[in-house]
Amino acid sequence: MFQNVYSCVLVDDDSASLHLMEEMFKASSLFCVVKTFSSIGKALDYVKENEVDLMVTDIEFPGEGFCYEILLRTHLPDTLRIVILSAYHYHFFTGFSSIRKVPNVIGTHSKPFTPELLHWTEESFLKSQANGFVELPEPESFFCYEEGNKGRQRMVRYSDIVMIRLKNAPGYRGKALCIYLNTTPREHYRFSLTLQECFELLEKNCPGRFLLVKRQGIVNKKNVVVKGDWLIPAHQKYSNKKLYLPIPAAMKKTISKIIPGWSGEQ
C-alpha cells in the first residue's frame, strides 16, 4: 500500500497498553516499530540519538509528569513527528495550550487501540509529511463550574450547549456566564469570559452554530426547537422544566428569521 516504511517508537508506562499498542502497529504497512519504552525520558534520549520518524506516546507518566511538559523542555529533531494518546479526553483539553506549543505534535487521540486509531495515525502522519507540521484544532469543549459546587469543574462539550446567558451566580459577586445544557438540568457557570469573548471562542471552533444577541445571550441554533416563547433542547436527555428557556423579547425577531415557520406568536 505504501512505498516508504517509516520508523516508529511507542511509549506507555502501562505494560499492557504498550503491548496492545505494539500489536496495533503490526497491522500497519506504513510504520515499523523499532523500539518501545515505558519511560518518556528514555524514549526522548533514544530519538535524539537515532533517526526516528514517529513517536506515539501516552500523555501521563507517574514520576515524570505529562509528556507535553517534558517535550517543551526538550530539543527535538525537526523531522520527528509525535502523536499523543490518552484514555482520558480531558487531558487533551487541560494541556492543549502546552501541546500546541510543541511543533512536532501532529495530533492527539483517545484510546483504545483500534484499527480506526491506526488509520487516523497513518493519515495524520502522511498529511504532516505533505504539508509540513499540522496545526492542531482547538478543543471542542471548555471547563465550567457546576451549580452549587464551586469546587467541582466539569468539561462541557460545545455541542451540548443550548443557551448561555448572564446571570448572578450563587456565591459569586456580580454576573457570570450561565450555561444551559441539553444533557443535565443543572446550571453551569463560567467566570472568566464575557458574552462577546465566549461567542468569539464558540464561533472560532463551531462556525455558524451559535447566535449572539448582544447583552442578552448566546443560542445554539442547531440544538434547539421553539415552542411558544420557549427554547427547548432538540435532543433533551432529561425531562425537566429547568431546560425550558424563555426567549428574551430582544431575541424574538432574530430567532424568527433563523428558525423557519416560527412567527413568535405560537
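Biologist: In what order do the 5 strands of the open sheet stand, and is the pairing parallel or antiparallel?
Modeller: In this predicted model, the order is E2-E1-E3-E6-E7 and the pairing is parallel. E2 and strand E7 (105-110) stand at the edges with a single partner strand each, so one side of each has no neighbour in the sheet. Direction ignored, neighbouring strands of this sheet are turned by 20° against each other on average.

Biologist: What makes E1 and E3 count as paired strands?
Modeller: The rule asks for at least two bridges. Strand E1 (residues 6-11) and strand E3 (residues 54-58) are joined by 4 bridges, so they count as a pair. The two run parallel, and Val9 stands opposite Met55 in E3.

Biologist: Which strands of the sheet does helix H1 touch?
Modeller: Helix H1 (residues 15-25) packs on the sheet and touches E1, E2, E3 and strand E6 (81-86). The direction of H1 makes about 160° with that of E1.

Biologist: How do you know that E6 pairs with E3 and with E7?
Modeller: The same rule of at least two bridges applies. E3 and E6 pair over 5 bridges in the parallel sense, with Asp58 opposite Leu85 in E6. E6 and E7 also pair in the parallel sense over 5 bridges, and Val83 stands opposite Gly107 in E7. Both counts satisfy the rule, so both pairs stand.

Biologist: What makes you call E6 mostly covered?
Modeller: In E6, 6 of its 6 residues are buried. Arg81, Val83 and Leu85 point one way and Ile82, Ile84 and Ser86 the other way, and all are buried.

Biologist: How do you know whether Val162 is buried or exposed?
Modeller: Buried means under 20% relative accessible area. Val162 has 1%, so it is buried. Val162 lies in strand E10 (residues 161-168). Between Val162 and Ala234 the C-alpha to C-alpha distance is 8.8 Å, though they are 72 residues apart in sequence.

Biologist: Why are Phe31 and Phe125 called an aromatic pair, and is the pair stacked or edge-to-face?
Modeller: Ring centres must lie within 6.5 Å, and planes over 60 degrees apart count as edge-to-face. Phe31 and Phe125 have 5.1 Å centre to centre and 80° between the planes, so they form a pair and it is edge-to-face.

Biologist: What parts of the chain does this pair link?
Modeller: Distant ones: Phe31 is in strand E2 (residues 31-37) and Phe125 in helix H6 (residues 115-131), 94 residues apart. Both Phe31 and Phe125 are buried. Together with Tyr6 and Phe25, they form one aromatic cluster.

Biologist: What makes you say that Arg81 lies over the face of Phe133?
Modeller: The distance limit for CZ of Arg is 6 Å from the ring centre, with a further limit of 35 degrees from the ring normal. Arg81 is at 4.1 Å from the ring centre of Phe133 and is listed as lying over its face.

Biologist: How do you know which residues line one face of helix H7?
Modeller: The buried residues of helix H7 (residues 195-205) are Leu195, Cys198, Phe199 and Leu202. Seen down the axis of H7, these residues fall within an arc of 100°, so they line one face of the helix.

Biologist: What is omega for the cis peptide bond between Lys111 and Pro112?
Modeller: Omega is about 15° for that cis bond. Pro112 is in the loop between E7 and H6.

Notes:
Residues numbered from 1 in each chain as written. Predicted model: local features only at pLDDT ≥ 70, side-chain atom pairs only at ≥ 80, totals over all residues. Heavy atoms only, no water. Buried < 20%, exposed > 50% of the residue type's maximum accessible area, 1.4 Å probe, protein only. Arc of directions from axis to C-beta. Phe/Tyr/Trp six-rings, centres within 6.5 Å; stacked < 30°, edge-to-face > 60°. Axes fitted to C-alpha atoms, helices over the stretch in contact; angles between N-to-C directions. Contact = heavy atoms within 4.5 Å.
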